[in-house]
Amino acid sequence: MHEPHRLTLKDLAAEDRPREKMMLKGAKALTNAELLAILINTGNTEDSVVALTQKVLASCRNSLSELGKLSVRELCSFKGIGPAKAISILAACELGRRRKEEQPVGQLRICCSRDVYDYFYPFMADLPTEECHVLFVNQSARVLDSQKISSGGLTETSVDIRCVLREAVLRRATAMALCHNHPSGSLKPSAQDDRLTERLKEACRTVSITLVDHVIFTDNGYYSYADQGRL
């Protein structure tokens, strides 16, 4: 009968290598650079791979969100990363985003603007162009569904109020929250944003649906019309 493997001095000496460290301490013990090194191991020494991933992350201000915005071509500009490795990195970023999307719809409650922002973060983080989404909730403020209703260019997207109301009625929603992103990172609402908010609020009122918020989304924060007393 074999005894279970016990931690040895050799194991301890190897724990700084990403794979061994993960086996010994779990994934949470690894830095972002070490996790990235596991993905793009190029056959070089562990130290050189980690140094490469640290360089890649430094170019993104050590932000995984910024890393996910890079293209295959941009990643391939780093010596030691080819198309296959670049695709592996971006695939991992996408898997992380999709994991966050798997929220238990029907159990979530929307009680404030932060809830709206957190709900849409997996869908809207890193988007290079503007998109507009709507979140539909019932009278208990529980999420019924969400829907992308438009996508556009770098600075604007068009929203058809009739389509928004139709989706809300089909889902028997009693309230909704609008959310659109500003790829520029600016949290300041435009005049067009203000007009859209007012038009949607009035349209919702005609069918007894409440517009609880309009959130302007950026990767680093948000602007809430409700929080600003503009609804």
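Two strands pair if DSSP finds at least two bridges between them. Keep that rule in hand for the strand views of this predicted model.

**Figure 1. The whole chain: ten helices and five strands.** The chain has 231 residues, and buried residues make up 38% of them. About 13,700 Å² of the chain is exposed. Carbon and sulfur atoms supply 51% of that area. Now take the contacts between residues at least 6 apart in sequence: 57% of these join residues at least 24 apart.

**Figure 2. Strand S3 and its partner strands S1 and S4.** Strand S1 covers residues 131-137 and pairs with S3 in the antiparallel sense. Six bridges hold this pairing. Within it, His133 stands opposite Cys179 of S3. Strand S4, residues 210-218, runs parallel to S3, and seven bridges join the two. Here Asn181 stands opposite Phe217 of S4. How does the chain cross from S3 to S4? The path goes through helix H10, residues 191-206. This β-α-β crossover is right-handed.

**Figure 3. Strand S3, buried on both faces.** Is S3 largely enclosed or open? Seven of the seven residues of S3, residues 175-181, are buried, so the strand is largely enclosed by the rest of the structure. Look at one side: Ala175, Ala177, Cys179 and Asn181 are buried. Look at the other: Met176, Leu178 and His180 are buried too.

**Figure 4. The largest nonpolar core, with 18 residues.** In soluble globular proteins, nonpolar side chains tend to be buried together. Which members of this core touch the most other members? They are Ile40, Leu52, Val56, Leu67, Leu75, Ile81 and Ile89. Three helices give two or more residues each: H3 (32-39), H4 (46-59) and H7 (83-101). Helix H4 gives the largest share, five residues. Zoom in on Ile40. Leaving aside residues up to four places away in sequence, Ile40 touches Val49, Leu52, Thr53, Ile81, Lys85 and Ile89. Another core lies apart from this one. That second core has 17 residues, including Val159, Leu178, Leu200 and Ala203.

**Figure 5. A network of salt bridges around Glu66.** Side chains of opposite charge can pair when their charged atoms come close. The structure holds 13 salt bridges. Glu66 takes part in a salt bridge with Arg61, where the closest N and O atoms are 3.2 Å apart. Glu66 also forms one with Lys69, where the closest N and O atoms are 3.7 Å apart. Which residues make up the network? Arg61, Glu66, Lys69 and Asp219 are linked in it. How open are these side chains? Arg61 is exposed, at 64% relative accessible area. Glu66 is partly exposed at 23%. Lys69 is partly exposed as well, at 36%.

**Figure 6. A salt bridge along helix H10.** Glu198 and Lys201 both lie in H10. Three residues separate their positions, about one turn of the helix. Their salt bridge brings the closest N and O atoms to 3.5 Å apart. Glu198 is partly exposed, with a relative accessible area of 38%. Is Lys201 buried or exposed? Lys201 has a relative accessible area of 18%, and buried means under 20%, so Lys201 is buried.

**Figure 7. Two loop residues with positive phi, Asn62 and Ala141.** Neither is a glycine. Asn62 sits in the loop between H4 and helix H5 (64-67). Its phi is near 60°. Asn62 is exposed, at 54% relative accessibility. Ala141 sits in the loop between S1 and S2. The phi of Ala141 is near 65°. Ala141 is buried, with a relative accessible area of 19%.

**Figure 8. Ser151 of strand S2 and His133.** Strand S2 covers residues 143-151, and Ser151 belongs to it. How far apart are the C-alpha atoms of Ser151 and His133? They are separated by 9.0 Å. Along the chain, the two residues are 18 residues apart. Ser151 is partly exposed, with a relative accessible area of 48%. His133 also appears in Figure 2, opposite Cys179 in S3.

Conventions. Residues numbered from 1 in each chain as written. Predicted model: local features only at pLDDT ≥ 70, side-chain atom pairs only at ≥ 80, totals over all residues. Heavy atoms only, no water. Buried < 20%, exposed > 50% of the residue type's maximum accessible area, 1.4 Å probe, protein only. Helix = DSSP H or I, 4+ residues; strand = E, 2+ residues; numbered from the N terminus. Right-handed = clockwise from strand over helix to strand, strands pointing away. Core = buried A, V, L, I, M, F, W, Y, C linked by side-chain atoms within 4.5 Å. Contact = heavy atoms within 4.5 Å. Salt bridge = Lys/Arg side-chain N within 4 Å of Asp/Glu carboxyl O. Areas by Shrake-Rupley, 256 points an atom, 1.4 Å probe, with all protein chains shown as cover.
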